[in-house]
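Visitor: I should like a close look at one part of this protein, the packing of its helices, and then at some individual residues in other parts of the chain. Please take me through it in one connected account.

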Amino acid sequence: MVTEARFAPGDLVAVLTTQPLDRTLDYKAPEGGVGVGDFVEVPLGPRKVMGVVWGAGAGDFDRAKIKPVLRRMDVPPMTAELRGFLERVADYTITSMPAMLRLATRVPGLGTPPGMRKIYRLGKGQPDRMTEARKRVLDVMADHGGAGFAPTELAQLAGVSSSVVKGLADQGVLVLLQEPRDRPFARMDAHHPGKALSAEQEKASRVLRKAVADRAYQTILLKGVTGSGKTEVYLEAVAECLAQGRQALVLLPEIALTGAFLDRIEERFGAPPAQWHSGVTQAERRRAWGAVADGSAQVVIGARSALFLPFQNLGLVVVDEEHDTSYKQEDGVLYHARDMAVMRAARVGATVVLASATPSLESWANAKAGKYARVDLPHRYGTAVLPAMSAVDLRLDPAEQGAWISPVLHDAIAARLDRGEQSLMFLNRRGYAPLTLCRACGHQIGCSDCDARMVEHRFHQRLICHQCGASRVIPDTCPECGQTGTLAALGPGVERLAEEVIAHYPDARVAILSSDLTDSARRMKSLIEEIAAGGADIIIGTQIVAKGHNFPNLTLVGVIDADLGLQGGDLRAAERSFQLIRQVAGRAGRAERPGEVLVQTHQPLHPVIEAILSEEEEAFWETEARARQEAGAPPYGRMAGVILSGPDLTQLTALSRDMIRQVHLMTTAGAQVFGPAPAPIARVRGQHRIRFLVKGPKGLALQPALKAWRAAVKPPANARIALDIDPQSFF
């Protein structure tokens with residue numbers, strides 16, 4: 001245990017606040033003194049702001065003008081480990097420390113003394129009549145499993161007035177109660193019996209348990225085919241961590257996965273874990289943060305930001321579906337949760353388990369180089385076997401005019417319907433059609449704030465921009481030429497595919513799994529459970545269907561457009577197409593009945609398509625690795641993105657010229673600089689965007705050169721220079 005420095009009343013202390021400043025500020029320690037890591041409230045101009053004591057004050061300011069700390073907050077101090085982690089992430093990602101502190105303190109009411117609070121819970125009464133506003137309130141309650149809400153929070157989340165909430169309370173539909181502000185979490189039992197493991201799973205779990213028991217840093221790539229039971233294996237590592245009295249963190253890439261996963265955790269350990277993601281209430285966030293900080297939260301299930309929680313004794317971090325692109329934070333602090341998980345675990349001697357059926361090339365390469373250990377689960381659990389995969393050559397077996405499903409795939413769907421089995425049609429495009437075009441003048445309807453086409457969502461009767469979320473009613477006339485009846489929806493989305501399926505199979509039960517068609521995590525969980533129980537014959541889904549769902553009666557997967565992800569010049573296009581299609585293929589045949597996967601393509605001889613259909617996965621990674629090595633691209637080289645953004649394109653262009661004049665700061669450091677060039681989507685939310693791409697050899701320290709380059713130019717007040725280390729996308 002690190003003994004932190006203490007400061008007597010009146011001593012100068014350096015306080016890091018969450019305000020956008022480039023340094024710590026000096027204050028006088030209050031009565032009773034403070035220690036390094038203490039959360040404090042300090043005056044800043046006319047405001048009171050939260051901060052953390054970071055060390056001794058600099059003493060370079062008139063002492064007579066230095067103000068005292070207002071109070072020390074009654075929460076556990078920030079540990080030296082977490083402070084060091086924030087500094088390390090800040091250095092790596094070139095992020096300001098106040099921004100890092102904001103990331104680590106996103107919790108309401110931090111420092112508010114514990115006490116009682118008034119909350120609404122569901123009562124036994126029924127509303128005398130159901131209005132749209134009342135339905136929204138009850139939906140919010142149901143979405144969060146009946147969790148208690150403060151009166152104002154419930155009204156805000158439901159988008160209703162407080163009188164609507166009070167009216168439901170008057171009728172006994174809601175009950176106003178008082179309860180302790182932060183209830184403790186029930187203790188989880190490390191020795192609670194789990195599911196029976198296969199010999200293969202048992203062997204893998206012993207490796208993970210030993211790594212946790214050794215209490216030394218290690219990263220293990222757990223590579224198991226879809227349906228091999230990776231979750232049960234890494235839950236054995238969680239059990240070992242609990243037995244040692246240490247804390248475990250399990251990261252999931254998608255909120256929609258948390259519902260079923262929480263049930264598995266509770267079944268395995270006899271009590272629910274803490275949660276940390278955007279789907280939990282503000283009260284639950286405060287409760288989880290406090291329990292993690294005092295060590296009483298044993299297991300946390302969370303999104304990527306859970307990495308910045310104040311763990312006291314972290315022993316294990318699991319990154320499930322570690323290849324998933326959602327682990328990269330693309331705004332604010334630009335970091336990759338997989339890499340930061342390894343960084344944090346290394347600081348505390350914890351074990352990292354990276355679990356995936358289709359690992360990222362970075363993790364595969366680290367395992368091949370011996371930097372990570374690797375544990376394989378090459379077979380499915382029980383009697384299930386991997387599905388048979390084959391291509392449907394659309395040049396030889398095209399779909400009918402205006403349709404998207406080939407005759408071969410139609411025959412396969414009909415066979416499943418006859419046998420009472422489920423089929424899944426996969427198309428990674430939300431909405432009805434990606435493009436609305438005027439056949440008279442050729443105008444393509446785009447977003448007024450972005451350089452992006454608006455996507456037709458016919459179920460909502462809206463055109464929606466997938467970049468900024470702006471929407472408008474689908475027009476009857478062309479906004480450019482004014483003609484009526486000339487607008488045409490081009491290309492397929494899942495809604496259009498559903499229209500085709502319903503027309504072809506009018507008696508089939510059709511379900512659509514798409515993030516924009518389910519208004520809550522609760523509804524998504526309910527729909528997934530309904531499908532798993534046999535409530536649909538044909539499922540139509542976007543990439544959300546590839547994320548770990550288990551449909552026992554699903555025996556056919558049809559990939560509608562396998563060529564979609566191969567378009568464009570994305571560095572990771574081959575890798576991501578391979579991962580996505582192999583993942584969605586893994587939904588088929590996960591129980592007793594064998595599965596089949598039909599991949600529709602115009603390019604059956606494309607190397608990626610051949611790799612997807614082949615059993616030789618390792619050959620794909622070897623080929624992809626050689627191509628990246630030859631190009632000096634990650635993980636065998638380093639890259640960074642430099643994104644200039646602002647509302648004035650003329651100013652932004654001038655700024656890019658200023659950066660070109662200082663580009664020697666990068667080239668003399670050994671880096672190559674490409675650009676400037678407009679970003680592929682050159683305007684988002686009214687902000688123009690210009691990009692540079694920086695590339696260097698593996699061992700090059702990019703960050704110091706990038707800092708110097710950015711510091712050498714002065715952007716206009718309304719422009720921004722963002723630095724993205726290890727970019728995952730180039731939009």
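Guide: An axis here is a line fitted to C-alpha atoms, for helices over the stretch in contact, and the angle between two axes runs from 0 to 180 degrees between N-to-C directions. The model is predicted. On that footing, H3 and helix H5 (residues 162–170) pack at an angle of about 75°, and their axes lie 10 Å apart. Because angles of 65 to 115 degrees count as roughly perpendicular, H3 is roughly perpendicular to H5. On the H3 side the contact is made by Ala133, Arg134 and Val137, and on the H5 side by Val164, Val165 and Leu168.

Helix H3 itself covers residues 132–143. Its 12 residues, at 1.5 Å a residue, should span 16 Å, and the end C-alpha atoms are indeed 16 Å apart, so the two values agree. The buried residues of H3 include Arg134, Val137, Leu138, Val140 and Met141. Viewed down the axis of H3, the buried residues fall within an arc of 150°, so they line one face of the helix. An α-helix has 3.6 residues a turn, so residues three or four places apart point the same way. Arg134 and Val137 are both buried, and both also take part in the contact with H5.

A second helix pair is formed by helix H1 (residues 80–93) and helix H10 (residues 337–348), whose axes come within 10 Å and cross at roughly 140°. That angle makes H1 oblique to H10. The crossing of H1 past H10 is right-handed. From H1, the residues in contact are Glu81, Leu82, Gly84, Phe85, Arg88, Val89 and Tyr92, and from H10 they are Met340, Met343, Arg344, Arg347 and Val348.

Val342 also belongs to helix H10. Val342 has a relative accessible area of 12% and is therefore buried. Leaving out residues up to four places away in sequence, Val342 touches Tyr217, Thr219, Val352 and Tyr372. Gln218 is 124 residues from Val342 in sequence, yet their C-alpha atoms are 8.6 Å apart in space.

The loop between strand S14 (314–320) and H10 holds Lys328. Its relative accessibility is 3%, so Lys328 counts as buried. Not counting residues up to four places away in sequence, Lys328 touches Arg304, Leu334, Tyr335, His336, Asp724, Ile725, Asp726, Pro727 and Gln728. By contrast, the C-alpha atoms of Lys328 and Leu177, 151 residues apart along the chain, are separated by 40 Å.

Ser514 lies in the loop between strand S24 (510–513) and helix H14 (521–532). With a relative accessible area of 0%, Ser514 is buried. Apart from neighbours within four places in sequence, Ser514 is in contact with Arg430, Val494, Met524, Thr542 and Ile544.

Some backbone features remain. Most residues other than glycine have a negative phi, and most peptide bonds are trans. Gln461, in the loop between strand S20 (455–457) and strand S21 (462–464), has a positive phi of about 55° although it is not a glycine. Gln461 counts as partly exposed, at 46% relative accessibility. Arg685, in the loop between S29 and strand S30 (687–697), has a positive phi near 55° and is exposed, with a relative accessible area of 55%. The peptide bond from Pro634 to Pro635 is cis, with omega near 5°, and a cis bond also joins Gly675 and Pro676, where omega is about 10°. Pro635 is in the loop between helix H17 (617–631) and strand S28 (637–646), whereas Pro676 lies in strand S29 (residues 672–684).

Definitions and conventions
Residues numbered from 1 in each chain as written. Predicted model: local features only at pLDDT ≥ 70, side-chain atom pairs only at ≥ 80, totals over all residues. Heavy atoms only, no water. Helix = DSSP H or I, 4+ residues; strand = E, 2+ residues; numbered from the N terminus. Expected span 1.5 Å × (residues − 1). Buried < 20%, exposed > 50% of the residue type's maximum accessible area, 1.4 Å probe, protein only. Arc of directions from axis to C-beta. Parallel < 35°, antiparallel > 145°, perpendicular 65-115°, else oblique. Left-handed = near helix turned anticlockwise from the far one by under 90°. Contact = heavy atoms within 4.5 Å.
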